[in-house]
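Please open the model in your viewer and keep a selection box at hand. The stops below are arranged so that each selection leads to the next.

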Amino acid sequence: MIPFFHIDERIEKASDEALKKCKSQFDLIDEITEYNQLKVQKAFIKHSISETHFISSTGYGYGDRGRETLDKVWADIFCAEDAIVRHNFVCGTHTLTTALFGVLRPGDTMLCITGTPYDTIHGVIGITGEGMGSLKDFGINYAEVALKDEKPDMEAIYNAVNDYTTMVYIQRSRGYELRPSLTVGEIEELVKLVKSKNPNVIVMVDNCYGEFVEKREPIEAGADLIAGSMIKNAGGGIARTGGYIAGRADLVEKCAYRLTTPGLGKEVGATLGMNRELYMGLFYAPHTVGEALKSAVYISALFEGFGYDTTPRYDAKRGDIVQSLGLENEESLVAFCQGIQSGSPIDSFLTPEPWDMPGYDSKVVMAAGAFTLGSSIELSADAPIREPFYAWIQGGLNFHSAKICALLAAQQMHDKNLLKGID
């Protein structure tokens, strides 16, 4: 019996069966976690990280040793020539925007080869929000290649790339789509394909939700630039804000000029005491990502046992920490998210309801009882209220807390006579 919480015995039995299914996947996750933890630890040792790297700077932040060394540590871990890691990237979208505006110039062409990107990037590109200062407003052209059978269309991508293609943009994670996230191996195939057509093209990868999921990162697969958020995988649940850009040194420098100002770039920027959290978050990141992956695998196995569609399946190879769960109708979707919220360490007393969330074209229901507002490495579940009524679950600071949240979600559905697979 599960202590402290009321869970129906039939749901507990289903949980036991799910855990048995997950064992081999958990073993694989542990192997990847250890590899990545050693990689991070080696980088910390190589750069002789000490208390002096955590000292706060103010004003211009000139000569901030901690800031400068953190960039080097990050570059080493991600096999990049250079990196810029800053607390003043306000979110993943801001980080990606800085990279896009840093690298692209009027008349350039950006080609997204993984279908339409995540909702919050639409205004950045100029798909929506005319006159807001998008790439389109600055004369930067945009094109995309639709997915084929939920995968990148290799033939169409090859035909779309030409001598005028400045950047090929790859979104590694699925966003609010049911297509599989991309593995590093699949990214490598895409990089080889586009560079065979145009060797000068810049390949940029939105790496959000993908860091430390595998032993390799997209830079090792030939990508020129990657970017992500510190309140997702890369911050280990400790960083309270921030983002990173890594890759070719000349491209990172351009991004730094966009973040601060031309001519100053990475040389300025007070850290205001945030270095300790950024270092510590990075150190914890491989382990935290491993816990999030175990949580996703377990949720997939548990709800597959109840008869729901899960993407990916519990035993599938994963390219990110996101788990999609088909709940078939609005009532079940909302009940699931409310159950997740009820087990959260923060704001468990709140009841999520669908609402018009900025940046999204449908109402969204979101369960997110996190220590850091909006943190996607802490367990959250959200979904647009539209067919086919899938929830997107990500994170879990530790597996055991995520497990009880999943069970409470099943119990909430059961209490409302919505849970399938229970006689």
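The tour goes from a helix and the loop before it, through charged pairs, to a sheet.

**Before selecting**

This is a predicted model, in which local features need pLDDT of at least 70 and side-chain atom pairs count only at pLDDT 80 or more, while totals for chains, interfaces and linings use all residues. Residues are numbered from 1 along each chain as its sequence is written, and side-chain values use heavy atoms, with hydrogens and water left out.

**Stop 1: helix α2**

Select residues 65–77, which form helix α2; helices here are DSSP runs of H or I with at least four residues, strands are runs of E with at least two, and both are numbered from the N terminus. With an expected span of 1.5 Å times one less than the number of residues, the 13 residues of α2 should cover 18 Å, and the end C-alpha atoms are 18 Å apart, which agrees.

Now colour the helix by accessibility, taking buried as under 20% relative accessible area, exposed as over 50% and partly exposed as in between (1.4 Å probe, protein chains only). The buried residues of α2 are Gly-66, Arg-67, Thr-69, Leu-70, Asp-71, Val-73, Trp-74, Ala-75 and Ile-77. What covers them? Show α1 (9–46), β1 (82–86), β7 (243–247) and α8 (275–306), which are included in the cover, counted by contact, meaning heavy atoms within 4.5 Å. Just after the helix, Cys-79 takes a positive phi of about 60°.

**Stop 2: Asp-64**

Step back to Asp-64, in the loop between α1 and α2. At the start of α2, a side-chain oxygen of Asp-64 comes to within 3.2 Å of the backbone nitrogen of Gly-66. The Asp-64 side chain also makes a polar contact with the side chain of Asn-275, at 3.3 Å; a polar contact is a pair of N or O atoms within 3.5 Å, where, within protein, one must be able to donate a hydrogen and the other to accept it, and residues adjacent in sequence count only if both atoms are side-chain atoms. Apart from neighbours within four places in sequence, Asp-64 is in contact with Ile-55, Ser-57, Thr-271 and Asn-275.

Which side chain of opposite charge is nearest to Asp-64? Arg-67 is, at 4.8 Å, and Asp-64 is buried yet has no salt bridge. Such a bridge requires a side-chain nitrogen of Lys or Arg within 4 Å of a carboxyl oxygen of Asp or Glu; for charge, Lys and Arg count as positive and Asp and Glu as negative, with His and the chain ends not counted.

**Stop 3: salt bridges**

The structure holds 23 salt bridges. Select Arg-172 and Glu-217, whose side chains meet in one of them (3.7 Å, N to O). This pair links distant parts of the chain, with Arg-172 in the loop between β4 (167–171) and α6 and Glu-217 in the loop between β5 (202–206) and β6 (225–229), 45 residues apart. Arg-172 is buried, with a relative accessible area of 0%, and Glu-217 is buried as well, at 1%.

Next, select Arg-240 and Glu-277, which meet in a salt bridge at 2.9 Å, N to O. Arg-240 lies in the loop between β6 and β7 and Glu-277 in helix α8, so the pair ties together parts that are 37 residues apart in sequence. Then add Asp-71, Asp-82, Arg-86 and Lys-266, which are linked in a network of salt bridges.

For a setting with other accessibilities, go to Asp-315 and Arg-313, whose side chains form a salt bridge (3.6 Å, N to O). Asp-315 is partly exposed, with a relative accessible area of 41%, and Arg-313 is partly exposed, also with 41%.

**Stop 4: the six-stranded sheet**

Select the open sheet of six strands in the order β8-β9-β13-β12-β11-β10, where the pairing is antiparallel. β8 (309–311) and β10 (355–356) stand at the edges, each with a single partner strand, so one side of each is left without a neighbour in the sheet. Strands pair if DSSP finds at least two bridges between them.

Centre on β12 (residues 380–384), which three bridges join to the antiparallel strand β13 (residues 390–394), while four bridges join β11 (residues 363–367) to β12, also antiparallel. Ala-381 stands opposite Ile-393 in β13, and Ala-381 is also the bridge partner of Ala-367. Ser-380, Asp-382 and Pro-384 point one way from β12 and Ala-381 and Ala-383 the other way, and all are buried. Finish in the hairpin of β12 and β13, with five residues between the strands, where Phe-389 takes a positive phi near 60°.
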